[in-house]
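Please look through these points on charged side chains before you set up protonation states. They are short and can be read in order.

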Amino acid sequence: DGVGLVRTENLLDKIENIFDEELQYILYNKIAESLYPKPVTFRLFDFGYDKLNLNNETESNPALGLRGIRYLLRNNNILQLQLNALIRASVNGNLRILIPMVTNISEIESIFNIAKKISKELGIYCPKIGTMIETPSAAYNSKDICKISDFVSIGTNDLLQYFYAADRNNTQVQEYLNYSDKSFITLLTSILKNCNTSNKELTICGQMASEEDS
C-alpha cells in the first residue's frame, strides 16, 4: 500500500548531513522511486525528546519543548533545505509531506507558504502536505486543520501522552496510556468527523495503528 510515515531524521547518520541538500534529495528520491506508483509520506524533521537532539541542547522538559515544526520554524535554514530536497524528489507524484508537532494553524500556513514558493521557483507542482495531530490543541482545532491540510494523520503515541499527561517513556505511568478509554475514543471520533466533513484522508500513526484490537 506504500509507506505511511518515513522518519526523515532517522535517515541521516551524521549531523552534517542535515545541511546537505543533495544527499537528502538522493535519499528521498531513491525511496520515492522504489515505491512508485504507491504513495510515500515523509515527515519533516522531528528533532528533540526521544529523537535526534541536533545540538545536544538541554531542556528541563524536552517532551514539551522545542520539537518538530517548532524547531524547524526557529531554524529556517534547515527547513528550507529539507523542503527543497523533498519537493525536488516529488516529481514522480507519489511523495507527500507531513508536518510534525503542530500546535496551531499558523504553523501549517507557514509550511504551505514556504513550500509553494519553493515549488514555484523550481517549476515543480507542490506535493500534498498533511498535518500530524498529536497535541490536544491540534485535536480540538481539527475542524480548521482539516480544512487547510491536504490530509491528516493522528500521531497516537504523542497525542495519548499529552492527553493523559503521562510520559510514554516512563514505566511508572504506563497504566494511564489507555487507547480504549472512552475519553480518548471520543477525541479520535471528533477528529474523524471533522476530516469526513472536509472530505480529507485520515491516517493513524504510532503503536495504536499496529494493534488490531484498538
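**Notes on charged residues**

1. Start with Arg88. Its relative accessible area is 21%, so Arg88 counts as partly exposed. The cut-off matters for this residue, because buried means under 20%. Keep in mind that this is a predicted model.

2. Arg88 has a charged partner. Glu22 makes a salt bridge with Arg88, and the closest N and O atoms are 3.1 Å apart. Glu22 sits in helix 1 (residues 21-35) and Arg88 in helix 3 (residues 76-88), so this pair ties together parts that are 66 residues apart in sequence. Glu22 is also partly exposed, at 39% relative accessibility.

3. How many salt bridges does a search of the whole structure find? The count is 9. The Glu22 and Arg88 pair is one of these contacts.

4. Now Asp46. Is this residue buried or exposed? Asp46 is buried, with a relative accessible area of 1%. A salt bridge links Asp46 to Arg43, with the closest N and O atoms 4.0 Å apart. The salt-bridge criterion is within 4 Å. Arg43 is buried too.

5. Asp46 also pairs with Arg67. Their side chains meet in a salt bridge at 3.7 Å, N to O. Both residues lie in the loop between strand 2 (40-43) and helix 2 (68-74), so the pair ties together parts that are 21 residues apart in sequence. Arg67 counts as buried, at 0% relative accessibility.

6. These contacts belong to a network. Glu9, Arg43, Asp46, Arg67, Asp158 and Arg168 are joined into one network by salt bridges that share partners. Asp46 is a shared partner here, as it bridges to Arg43 and to Arg67.

7. Lys200 needs a separate look. It lies in the loop between helix 8 (182-197) and strand 6 (201-205). Lys200 is buried, yet it has no salt bridge. Which side chain of opposite charge is nearest to Lys200, and how far away is it? It is Asp150, at 5.7 Å. That distance fails the test, because a salt bridge needs the nitrogen and oxygen within 4 Å.

8. What does the Lys200 side chain have instead? A polar atom of the Lys200 side chain lies 2.6 Å from the backbone oxygen of Ser149. Leaving out residues up to four places away in sequence, Lys200 touches Cys146, Lys147, Ile148, Ser149, Asp150 and Cys195. Asp150 is therefore in contact with Lys200 without forming a salt bridge to it, as contact means heavy atoms within 4.5 Å.

Terms used
Residues are numbered from 1 along each chain as its sequence is written. This is a predicted model: local features need pLDDT of at least 70, side-chain atom pairs count only at pLDDT 80 or more; totals for chains, interfaces and linings use all residues. Side-chain values use heavy atoms; hydrogens and water are left out. Helices (H or I, at least four residues) and strands (E, at least two) are DSSP runs, numbered from the N terminus. Buried means under 20% relative accessible area, exposed over 50%, partly exposed in between (1.4 Å probe, protein chains only). Lys and Arg count as positive and Asp and Glu as negative; His and the chain ends are not counted. A polar contact is a pair of N or O atoms within 3.5 Å; within protein, one must be able to donate a hydrogen and the other to accept it, and residues adjacent in sequence count only if both atoms are side-chain atoms.
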